[in-house]
Amino acid sequence: MVRRRLRALRRALVPGGGVTGRAVAGGVWLTAANAVNSVLNLVMLVVIANFLAPADFGLMAIALVTLGALESLSELGLDKALIQREEADVDRYLDTAWTLQIARGAAIAAVLFLAAPLAADFFGEPRATAVIRVIGFGPLILGAQNPGVMYLDKNMEFHKRFVYELGGSLSYVVSGVALAVVLGDVWALVFGVLVDRTVRLLASYLLHDYRPSPAFDPELARELYGFGKWITASMLIYFLFTSGDDAFVGWYLSAAALGFYQIAYRFSNAPATEVTQIVSEVAFPAYASVQGSVAKLREGFFRTLQVTTVVSFPMAAGIFAISPVFVDAFLGETWEPVVPVMQILAVHGAMRSFGATFGPLFEAVGRPDYSTKLQALNLVILAALIYPFTARWGIDGTALAVLGVSVIVPVPVYLVLRVVEGSLVRFLRTLVVPLAGSVVMGVSVVLADRSLETGVPAAEFVALVALGVAVYAAVVLAAERWFGYGIFALLRTMRESVA
């Protein structure tokens, strides 16, 4: 009995068999990795927020925004181009890809070193100059990593990705917390990032046996960039959309305001970010492997949508409901201005995770231009809203402007249903249960919070979380019993796929 259970567990966790089985096993591993990473990072932020000032987080955000701009401008999309290729063995491309990545990392580091004073002047923060220069070593370190780690995604060997991700995150958290206690300033965050990049570099050579050498084949490079150019454009627009609000707050308001905004975003969107990452990394290679079958794409999309919304919608509702008691219990009075921002961005986080089901599908069927054009439309709406909203309501207004881009949701829904030849009725039926359950849960937690007065904020937080989980589970189980939502059927399918 014990051996049989161990064999079943191994089948569930080690990729093998068909595409569905490997995708499910990959989802298990990535969920574990992202859950652990999320918990570690949130714990680290709670601890560090008690040692660092909001302005320190603002300085780090300025450096990361500056770095992100260059990374997006120079994104080559090589990994996704290699994963999307239908042939299993892409070794002949790897040396060229490695050489390009190293050159890109060196160029980013050099430009940041020279341009740091200009960026600091733009944000009105002279202290940011040194921070920007040091953080620039990150892409130089990571650019030298083993290009063979791409196979971990292409072959859906996510049990190895678990080790890769966990090693980097754990080193970041441990070093960041230790340095925060010792230094008590922004350098704890900066050096923590560099430690993370170094550990990932080492792990990449331990986890895959490919050993690159300097080489460059112009023909292979052009072939890869034919697909990657849309990823480059998409990443640039995505950066402007996701980091443009940070840049605007840092420029228009102050580093301290940016620190508040960053902490609010990190806590409110952490679950959505992890769900989004899992969906992108598992769904893209899975979709790419069945891109020739519309029926398989359709079933895969609706299952992905169901799993994503069942998990992410209650997370967003829970964050909205417990933000006040969370800040009171773990961050303290200094951070109270982040509460309304967290609540607004929690709703945005739900929309982000919901929308994450679209992009991998477009890319897998060879239409990355859809994602790029949709992100461009998001950017236009954000640009139109962010100034008047921020001028009127401060960082609360910035958050409302970010949420305002959700008005375009019908457009990607129409496109994705056309790609998979799916029905709108089925799409809406997939959403109704997690949405209704999340609303009921959120209202229940808010009402309980108003009546629960223990005098111990941490105890109230734990009690409210437990209540929220119980209420949501009850609603979903009731929907399964009365309307046949399909949760048990989905679980059975997942179990059979790895049997």
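How are helices α19 and α20 oriented to each other? I would like to begin there, with the reminder that what we are looking at is a predicted model.

As a general point, two packed helices are described by the angle between their axes and the distance between the axes. For helix α19, residues 424-451, and helix α20, residues 457-483, the axes come within 9 Å and cross at roughly 150°. Because an angle over 145 degrees counts as roughly antiparallel, α19 and α20 are roughly antiparallel to each other. The crossing in which α19 passes α20 is right-handed.

If you would like to follow the contact residue by residue, α19 contributes V433, P434, G437, S438, V440, M441, S444, V445, A448 and D449, and these meet E460, L464, L467, G468, V471, Y472, V475, V476 and A479 in α20. Sorted by class, the contact of α19 with α20 has 13 nonpolar residues, together with four polar and two charged ones.

Let me turn now to the aromatic rings, where the count comes to 18 aromatic pairs. One of them is formed by F248 and Y387, with the rings edge-to-face, 6.3 Å centre to centre and 85° between the planes. This pair links distant parts of the chain, since F248 sits in helix α11, residues 218-252, while Y387 sits in helix α16, residues 368-393, and the two positions lie 139 residues apart in the count along the chain.

Is F248 buried or exposed? With a relative accessibility of 13%, which is under the 20% cut-off, F248 counts as buried, whereas Y387, at 45% relative accessibility, counts as partly exposed. A further edge-to-face pair is that of F362 and Y370, whose rings are 5.2 Å apart centre to centre with 90° between the planes, and both F362 and Y370 are buried.

Coming back to F248 and Y387, I should add that these two belong to one aromatic cluster, which they form with F122, F123, W251 and Y252.

My last stop is a residue outside the helices, and the question there is where V90 lies. V90 is found in the loop between α4, residues 78-84, and α5, residues 91-123, and because its relative accessibility is 0%, V90 counts as buried. From V90 to M150 the separation is 60 residues in sequence, and 9.8 Å in space, taken from C-alpha to C-alpha.

Definitions and conventions:
Residues are numbered from 1 along each chain as its sequence is written. This is a predicted model: local features need pLDDT of at least 70, side-chain atom pairs count only at pLDDT 80 or more; totals for chains, interfaces and linings use all residues. Side-chain values use heavy atoms; hydrogens and water are left out. Axes are lines fitted to C-alpha atoms, for helices over the stretch in contact, and angles run from 0 to 180 degrees between N-to-C directions. Helices (H or I, at least four residues) and strands (E, at least two) are DSSP runs, numbered from the N terminus. Angles under 35 degrees count as roughly parallel, over 145 as roughly antiparallel, 65 to 115 as roughly perpendicular and the rest as oblique. A crossing is left-handed if the near helix is turned anticlockwise from the far one by less than a right angle, and right-handed if clockwise. Contact means heavy atoms within 4.5 Å. Ala, Val, Leu, Ile, Met, Phe, Trp, Tyr, Cys and Pro count as nonpolar, Asp, Glu, Lys and Arg as charged, and the others, Gly among them, as polar. Buried means under 20% relative accessible area, exposed over 50%, partly exposed in between (1.4 Å probe, protein chains only). Rings of Phe, Tyr and Trp (its six-membered ring) pair if their centres lie within 6.5 Å; planes under 30 degrees apart count as stacked, over 60 as edge-to-face and the rest as tilted.
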